[in-house]
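Please take a moment with the sequence and the structure shown here before reading on. The paragraphs below are meant for someone who has not met this structure before.

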Amino acid sequence: MTGRIVIVGYGMAGSRLATELHARNGDRKVTVLGAEPHRAYNRIMLSTLLAGKIDEPDVELAEVAGQGTDVRTAVVAAAIDRAARTVRTADGDRIDYDHLVLATGSRAVVPPLPGLDPAALPARVAVFRTLADCRRILAAARSARTALVLGGGLLGLEAARGLAARGLAVTVVHPHGHLMERQLDPAAGAVLVDTLAGLGVATRLGVPATGLAADADGVRLDLADGTHLHADLLVLSCGVRPDTDLATAAGLAVDRGVLVDDRLRTDDEAISAIGDCARPGGGPTGLVAPAWAQARVVARLLTGEDHTARYRPRPVVTRLKAAGIDLAAMGDPTAGPGEELTFADPARGTYARLRIHHDRLTGAILLGDNPAVGTVVQLFDRGAPVPTDRRSLLLGRALGGAPATPAASPALMPDAATVCQCNDVDKGTLVRCWRAGARTVDEVVAATRAGTGCGGCRAAVAGIVGWLSEVDSVGTPR
């Protein structure tokens with residue numbers, strides 16, 4: 001087992017790895033270097049914080065300092081000496097390692113707009129990536145009535161919805177012809193535009209920004225069609241880029257991320273990379289579930305728990321987490337062989353598109369209220385056969401029938417059904433946790449981590465715990 005482990009990065013990937021190592025027995029020293037000045041936090045929940053639904057303590061992740069783990073916040077790793085196996089910090093300290101793990105994450109992209117200096121953003125302009133960014137946006141929003149969000153991807157829409165929930169009039173400016181073009185088709189994008197309009201978020205599509213002027217009173221965004229938009233606040237959400245500066249300077253192989261094998265090792269056997277900064281065989285995802293799965297694999301390898309542990313990318317499901325919007329997208333329903341099924345009801349904000357090949361779901365878009373969303377995610381994730389009546393997946397119910405979801409009662413869910421996508425927790429794990437003594441939702445969540453990612457499965461976890469409390473008396477006092 002490795003004796004001295006240094007983790008560079010104290011975000012969702014680095015903190016999870018520290019937690020995984022902390023939970024395993026062994027004589028090792030773990031040092032975690034976090035450039036941000038505060039403890040690790042759940043980045044997925046920042047849009048909920050922006051909306052005012054939760055407070056800062058609610059986004060904090062569990063602390064793992066002590067018992068062989070040394071967490072150092074506000075410490076920037078400046079260089080890696082691979083020959084000496086040391087990390088040099090910006091303040092001159094040198095930290096020796098037997099194994100180094102890079103979890104440096106990614107950085108927000110600031111577009112090259114005239115009038116915009118990435119190194120010195122105007123007071124009423126902010127990116128949306130970190131907790132510090134969120135604080136900056138909230139400070140500006142307190143005296144703002146209007147806001148622009150540049151970028152109509154996942155994070156941009158979450159930011160827009162959060163600001164609208166605070167009462168601001170928000171406009172999303174997106175250079176492409178429809179929103180979330182990486183996950184949605186034009187028809188779904190059009191339905192989403194109408195849904196956002198009903199929530200107080202306007203959109204300008206297909207018009208790139210060409211310049212910016214900002215002062216203490218607000219911002220003016222210039223567009224390619226010659227028009228201008230004015231607002232009190234501008235939020236930039238133009239994508240992210242893997243933070244590979246440290247790896248590049250150390251001479252590691254980098255190509256749109258630090259290149260790693262299925263053990264998450266770089267071309268230096270003493271260095272691994274996980275999370276947003278890493279590029280395994282399946283490519284980077286920018287999502288939390290793969291990052292946490294990678295942390296688990298590295299922990300098993302470094303502690304000697306499982307020398308055969310390997311990272312196997314799983315199908316990615318994208319969920320938009322914003323109040324009033326229910327969206328799931330997976331695979332590519334717009335191309336490839338097989339059947340294609342679509343259903344649209346723009347008046348109700350509902351859209352569904354599925355692609356099925358050899359009775360397996362290869363892609364789907366589900367927007368709006370569809371009771372079958374859980375079923376569709378399960379079928380896609382597990383590669384299970386789809387039902388004969390395809391309408392039950394499109395509409396949420398067969399014609400004249402009951403809802404298609406298999407969880408009308410948790411008793412009908414197979415134990416292998418995944419409940420928490422972020423942490424890969426299935427129903428069977430929740431049941432075993434209950435029977436081991438957990439008796440509340442909070443206890444089950446603490447023991448399994450289900451619901452600690454995006455939070456979208458909390459209702460399902462609560463439903464299973466409620467069902468168990470009614471039907472399973474094992475271990476309960478009489």
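What follows is a walk through two sheets and two pairs of helices.

The model is a predicted one, and a convenient place to begin is an open sheet of five strands, whose order is β3-β2-β1-β7-β19 and whose pairing is parallel. At the edges of this sheet stand β3, made of residues 69-73, and β19, made of residues 271-273, and each of these edge strands pairs on one side only. From one strand to the next, the twist of the sheet averages 15°. Within the sheet, strand β1 (residues 4-8) and strand β2 (residues 29-34) run parallel and are joined by five bridges. A reader who wishes to follow this pairing residue by residue may look at I5, whose bridge partner in β2 is V30.

Helix α1 packs on this sheet, where it touches β1, β2, β3 and β7, the last of these covering residues 99-102. The direction of the helix α1 makes about 155° with that of β1.

The helix α1 also has a helical neighbour, and for such a contact there is a customary description. Two packed helices are described by the angle between their axes and the distance between the axes. For helix α1 (residues 12-22) and helix α7 (residues 288-302), the angle is about 35° and the axes are 9 Å apart, while the crossing of the two helices is right-handed. On the α1 side the contact is made by M12, A13, R16, L17, E20 and L21, and these meet V288, A291, W292, A295, R296, V298, A299 and L302 in α7. Sorted by class, the residues of this contact comprise eleven nonpolar and three charged ones, with no polar residue. Which residue lies over the face of W292? It is R16, at 3.9 Å from the ring centre. Aromatic pairs, by contrast, number zero in the structure.

A second open sheet is built from three strands in the order β13-β14-β15, and here the pairing is antiparallel. Its edges are formed by β13 (209-215) and β15 (228-231), and because each of them has a single partner strand, one side of each is left without a neighbour in the sheet. Neighbouring strands in this sheet are turned against each other by 15° on average, with direction ignored. Strand β14, which spans residues 218-223, pairs with β15 in the antiparallel sense over four bridges, and L221 stands opposite L229 in β15.

The walk ends with another pair of helices, α10 (residues 427-435) and α11 (residues 441-448), whose axes come within 10 Å and cross at roughly 115°. The crossing in which α10 passes α11 is right-handed. In this contact T429, L430 and C433 of α10 meet V444, A447 and T448 of α11, and the residues involved divide into four nonpolar and two polar, with no charged residue among them.

Key
Residues are numbered from 1 along each chain as its sequence is written. This is a predicted model: local features need pLDDT of at least 70, side-chain atom pairs count only at pLDDT 80 or more; totals for chains, interfaces and linings use all residues. Side-chain values use heavy atoms; hydrogens and water are left out. Axes are lines fitted to C-alpha atoms, for helices over the stretch in contact, and angles run from 0 to 180 degrees between N-to-C directions. A crossing is left-handed if the near helix is turned anticlockwise from the far one by less than a right angle, and right-handed if clockwise. Contact means heavy atoms within 4.5 Å. Ala, Val, Leu, Ile, Met, Phe, Trp, Tyr, Cys and Pro count as nonpolar, Asp, Glu, Lys and Arg as charged, and the others, Gly among them, as polar. Rings of Phe, Tyr and Trp (its six-membered ring) pair if their centres lie within 6.5 Å; planes under 30 degrees apart count as stacked, over 60 as edge-to-face and the rest as tilted. A charge sits over a ring if NZ of Lys or CZ of Arg is within 6 Å of the ring centre and within 35 degrees of the ring normal. Two strands pair if DSSP finds at least two bridges between them.
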